[in-house]
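Please open the model in a viewer and keep the sequence panel visible. The tour below proceeds by selections, each followed by an account of what is found there.

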Amino acid sequence: TRQYHLAKRPTGEPDMDCFDLVEVPTPDPDANEVLVKTLYLSVDPYMRGRMRDAESYAEPWDVGEPMRAGVVGEVVESNHAGFEAGDVVVGNLLWSEYTAVDGGELTSIDPDAAPVSTALGVVGMPGRTAYFGLLDVAQPKPGDTVVVSGAAGAVGSVVGQLAREAGCRVVGFAGSDTKTEWLTEELGFDAAINYKTTEDLGEALDDATPDGVDVYFDNVGGEITDAVFGQLNVDARVAVCGQISQYNATELPTGPRKLGTLIEKRARVEGLLVGDFAPRFEEATERLAGWVADGTIQYRETVTEGFENAPDAFLGLFEGENIGKQLVKVGER
Ligand code: NDP
């Protein structure tokens, strides 16, 4: 079995030297354990935080040890009453072709209900983040203008569509014309701004939000956030989900630079962590699956082939190489 171990902690942008591809014996499952063959491995921006030796909501990985990831896999062998060979499961496993894990850490998925990869994206952790972050934290009302950064990513693309369904005007920021076209032409965003080719973000946002901004769902931080703060309305809600533009920073950045706006506009800023909503995961998963099945929510996936290419797929997140959810296809059922 091939695994990736954390070779060293990165300073600034991680590179291939941070990943060690090692060959280990395929584990034998112990009592109550299940041997899972990885079909899809999820790479996620928060993993950058786990490469760092700092206290955070996700434990740091140890250097020389396997890295962890969301995995959809097939049960090959089971010593757990809840699973049998052939079952398809999702869980937090290792960057590995095979993992032995306590059955209690796995959830079964129905391979006939939807493509199994969606359990890592639109109906998985990113979809649930969008669901709770927008509907519970930001609380959009019909007629609100909702702005989302990182809009063509796994979380952002779902946020925008949920906001559209909530009767809001939706504006997204994304890093290419292919992405902005997907947002406006297929996902029903009212406007989308390519932040890489737009000189004055504030002016572009001003044009796109004639009635100001009531909700800002932030995946990115930095200059985009400065621009949005300039357009907030009275009683605006800002849901801080991610700050990917800062994850590779070596020094603490300055900002957000427009906090004075919060006084003037009596706006609220709230951080969110999807794990806090664990008792309601089933509700979110069911509703998201329903919306995907009836076409209300569309999704895209960027699938990198081959386990060995997982680090490339991860590093690509910081270059915006993915549209929708970034996955690594590791094995076949
Ligand atoms: P995405 O699918 O959105 O992938 C990351 C995207 O971020 C890239 O495609 C890229 O798109 C954009 N990006 C990368 N670097 C920058 C930059 N410097 N400035 C602006 N945009 C950048 O990832 P996810 O949907 O999985 O995650 C989105 C955010 O949500 C992340 O910040 C993540 O950490 C956070 N998150 C938080 C959770 C929580 O519980 N709080 C749970 C899950 C995710 P582009 O081409 O547009 O630049």
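Begin by selecting Q231 in this predicted model. Leaving aside residues up to four places away in sequence, Q231 touches L205, D206, T209, G212 and V213. The residue is placed in the loop between helix 6 (222–229) and strand 12. Is Q231 buried or exposed? A residue counts as buried if 20 or more other C-beta atoms lie within 10 Å of its own. Q231 has 23 C-beta neighbours inside 10 Å, and therefore it counts as buried. Next, add D53 to the selection and draw the distance between the two C-alpha atoms. Q231 and D53 are 178 residues apart along the chain, and their C-alpha atoms are separated by 37 Å.

**The two domains**

Colour the protein chain by its two parts: domain 1 (2–121 + 300–329) and domain 2 (125–275). Their C-alpha centres lie 28 Å apart. Where the domains meet, 14 residues of domain 1 are in contact with 18 residues of domain 2. On the side of domain 1 that touches domain 2, the residues comprise four nonpolar, seven polar and three charged.

**The open sheet**

Select strands 8 to 13 as a group. Which order do the six strands of this open sheet follow? The order is 10-9-8-11-12-13, and the pairing is parallel. Strand 10 (191–194) and strand 13 (268–271) are the edge strands, each of which pairs on one side only. From one strand to the next, the twist averages 15°.

Narrow the selection to strand 8 (residues 145–148) and strand 9 (residues 169–174). These two run parallel and are joined by four bridges. One residue to label is V146, whose bridge partner in strand 9 is V170. Now show helix 3 (residues 154–165), which packs on the sheet and touches strand 8, strand 9 and strand 11 (213–218). The direction of helix 3 makes about 165° with that of strand 9.

**The surroundings of the ligand**

Display the ligand and the residues around it. How many residues surround the ligand? There are 29, and the closest are G153, V155, G175, G242 and G320. Helix 2 (125–138) and helix 3 are the elements that give two or more residues to this shell. The largest share, three residues, comes from helix 3. By class, the shell divides into 15 nonpolar, twelve polar and two charged residues. With the domain colouring still in place, note that domain 1 and domain 2 each supply at least three residues to the shell.

**Strand 3 and its partners**

Move to strand 3 (33–42). Ten of the ten residues of strand 3 are buried, so the strand is largely enclosed by the rest of the structure. Three neighbouring strands may be selected in turn.

- Strand 4 (residues 68–78) pairs with strand 3 in the antiparallel sense over seven bridges. Within this pair, V34 stands opposite S78.
- Strand 6 (residues 98–102) runs antiparallel to strand 3 and is joined to it by five bridges. Label E33 with its bridge partner D102, and then K37 with its bridge partner Y98. Strand 6 is itself mostly covered, as four of its five residues are buried.
- Strand 15 (residues 325–329) is also antiparallel to strand 3, with three bridges between them. Here the bridge partner of S42 is L327.

While the side chains are displayed, a general rule may be kept in mind: in a regular strand the side chains alternate between the two faces of the sheet.

**Two residues with positive phi**

Select N32, which lies in the loop between strand 2 (19–23) and strand 3. Its phi is near 70°, a positive value in a residue other than glycine. N32 has 14 other C-beta atoms within 10 Å and is therefore partly exposed.

Finally, select D235 in strand 12 (residues 232–240). What is the phi of D235? The angle is positive, about 70°, although D235 is not a glycine. Is this residue buried or exposed? D235 has 10 C-beta neighbours inside 10 Å, so it counts as exposed.

Key. Residues numbered from 1 in each chain as written. Predicted model: local features only at pLDDT ≥ 70, side-chain atom pairs only at ≥ 80, totals over all residues. Pairing = 2+ DSSP bridges. Axes fitted to C-alpha atoms, helices over the stretch in contact; angles between N-to-C directions. Contact = placed C-beta atoms within 7 Å. Buried ≥ 20, exposed ≤ 12 C-beta atoms within 10 Å, placed from the backbone. Near = placed C-beta within 6 Å. Nonpolar A, V, L, I, M, F, W, Y, C, P; charged D, E, K, R; others polar. Domains from an automatic or database assignment.
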